[in-house]
Amino acid sequence: MSVFRVCHLAGKLTRTLQKRQPGLDITNKDILCVEIAGLCHDLGHGPFSHLFDSKFIPTAKPGREWKHEDGSVMMFNFLRSDNDLEQEFQKYGLDDNDIAFIVEQIAGPKKRNNGEWPYKGREKAKEYLYEVVANKRNGIDVDKWDYFARDCHGLGIQNTFDHNRFMKFARVIMVDDNLQICSREKEAETLYSMFQIRATLHRRAYQHRVSNAVQAMIVDALIIADKTKLIPKNDRSLISISDCIDYPEAYTRLSDSIFHVILMSIDKQLAEARAILQRVLRRKLYRCVGETNPKQTTSKDQIKELRTKIMTYIIGKSGGKLTKTDLYVDTVCLDYGSDTENPINNVCFYSKNNVDKAIYINQEKVSVMLPNVFAEHIIRLFYKNTDSEGSRNASSYFHQWCEEHGYQQQSKIPDDVTAI
Ligand SMILES: *[C@@H]1O[C@H](CO)[C@@H](O)[C@H](O)[C@H]1NC(C)=O
């Protein structure tokens, strides 16, 4: 399981810094806390991981800002008390501050009011420890190193990023009043390649159109199933799937197995959800009938607006023959993890001559052949039914929309995208 590797890598990076820079005063307890955060930071993932927090919950509970990190904190607190781990933590000398530190690492970054230090677990002198497991400032963190290794291996893609080498050159340096983990200047190119690999994994696997078709179907099935109370709480009462995010003991019962729970159910209310899941198994998938890559740099929010516009346009063109329930417009964002920004602009480096002076490295200094654009979007139209007439119509209206609005149509969508 990959959480063990995240735990291992988190410990390894922190231990490396402890040895290399004794002046930082990193204690063994600090290391243990970072390791536990690495181990527990994904406890809150729901069924089918990101499908749950980024697609299912926003539809099931509109307006509720809930991320798996919130689930992780909930589960970390619940599991500690449910398993009587208080004494176990004490045995290792971990007190309330340490637990607060672990929780803060799992929960993700806090806003700083007037530059005020927002955390309780550790003082500002150790702020770089907050960026080991999940680094929201520049995206270089041990969590990525883990899934790169796992998914490149699984997909047969060469993983050219060597995290052991990164650790060899990692140094904590003061950058404008903040202590940050920095790298040696000659490693800048390697870091560009790290983000390149991330983009490749998204393009070839996580955001592949067939994968996204299956995801859309599972979301549709879960949304239908959400009307039924399916998941038991400890008092034997049942609650809906989406309500589990507020009931940790019920949340422990929620895993990918929900797919088969729905599939095997005999409840009439679930018939439509079952039918969709059966289609998944028989590869009668939603069909991608159009795809475009907007050329202009667009932010994530602007791209989302296009979804509604395209939907309305196509329904209008069809004169009402096609409806909202026949179509699904998906927007995919392939970026370097920092929206349209160059993530390396938030990485500091040092040179051999002065290892304690942080410097930014201009992109052109690394190589003139590096990308200028750090985000790419894909808009896809899926047709949910299986008839070819509706699918042809949807495809041609989408084509018209692209032409009228200056979007380049992807030249060839394979006719039968179900053949993965
Ligand atoms: C497809 O378009 C044709 C021509 O406009 C129309 O006659 C037909 O009813 C449409 N079918 C569907 C399912 O939208």
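Four residues, K321, E389, G390 and N393, surround the ligand here. Keep in mind that you're looking at a predicted model. Below is a quick tour, starting at the ligand and then moving on to an annotated domain, two strand hairpins and a buried lysine.

**Around the ligand**

- Sorted by class, the shell around the ligand holds two polar and two charged residues, with no nonpolar ones.
- K321 has an N or O atom in its side chain that sits 3.2 Å from an oxygen atom of the ligand.
- With E389, the partner is a nitrogen atom of the ligand, and a polar side-chain atom of E389 lies 2.7 Å from that nitrogen.
- N393 also brings a polar side-chain atom to the ligand, this time 2.3 Å from an oxygen atom.
- On its own, the ligand would expose 360 Å², and the protein buries 55% of that.

**The HD domain**

- Residues 4-149 carry the UniProt feature "domain: HD", which comes from an unreviewed entry.
- That stretch of chain is 56% helix and 0% strand.
- The C-alpha atoms at the two ends of residues 4-149 are 13 Å apart.

**The β1 and β2 hairpin**

- Strand β1 covers residues 171-175, and four of its five residues are buried, so the rest of the structure largely encloses this strand.
- Its partner is strand β2 (residues 178-184), and the two pair in the antiparallel sense over five bridges.
- If you'd like a spot to find on screen, look for R171, which stands opposite C182 in β2.
- Two residues lie between the strands of this hairpin, and D176 takes a positive phi near 40 degrees there.

**The β7 and β8 hairpin**

- Strand β7 (residues 349-351) and strand β8 (residues 354-359) run antiparallel and are joined by two bridges.
- One pairing to look for is S351 with N354, its bridge partner in β8.
- β7 and β8 make a hairpin, with two residues between them.

**A buried lysine**

- K126 is found in the loop between helices α6 (96-107) and α7 (142-155).
- Is K126 buried or exposed? Its relative accessible area is 8%, and buried means under 20%, so K126 counts as buried.
- The side chain of K126 also has a partner, D30, and a polar contact of 2.6 Å joins the two side chains.

Notes. Residues numbered from 1 in each chain as written. Predicted model: local features only at pLDDT ≥ 70, side-chain atom pairs only at ≥ 80, totals over all residues. Heavy atoms only, no water. Near = heavy atom within 4 Å. Polar contact = N/O pair within 3.5 Å; in protein donor to acceptor, adjacent residues only side chain to side chain. Areas by Shrake-Rupley, 256 points an atom, 1.4 Å probe, with all protein chains shown as cover. Nonpolar A, V, L, I, M, F, W, Y, C, P; charged D, E, K, R; others polar. UniProt positions renumbered as here; feature names shortened; annotations may be inferred. Pairing = 2+ DSSP bridges. Buried < 20%, exposed > 50% of the residue type's maximum accessible area, 1.4 Å probe, protein only.
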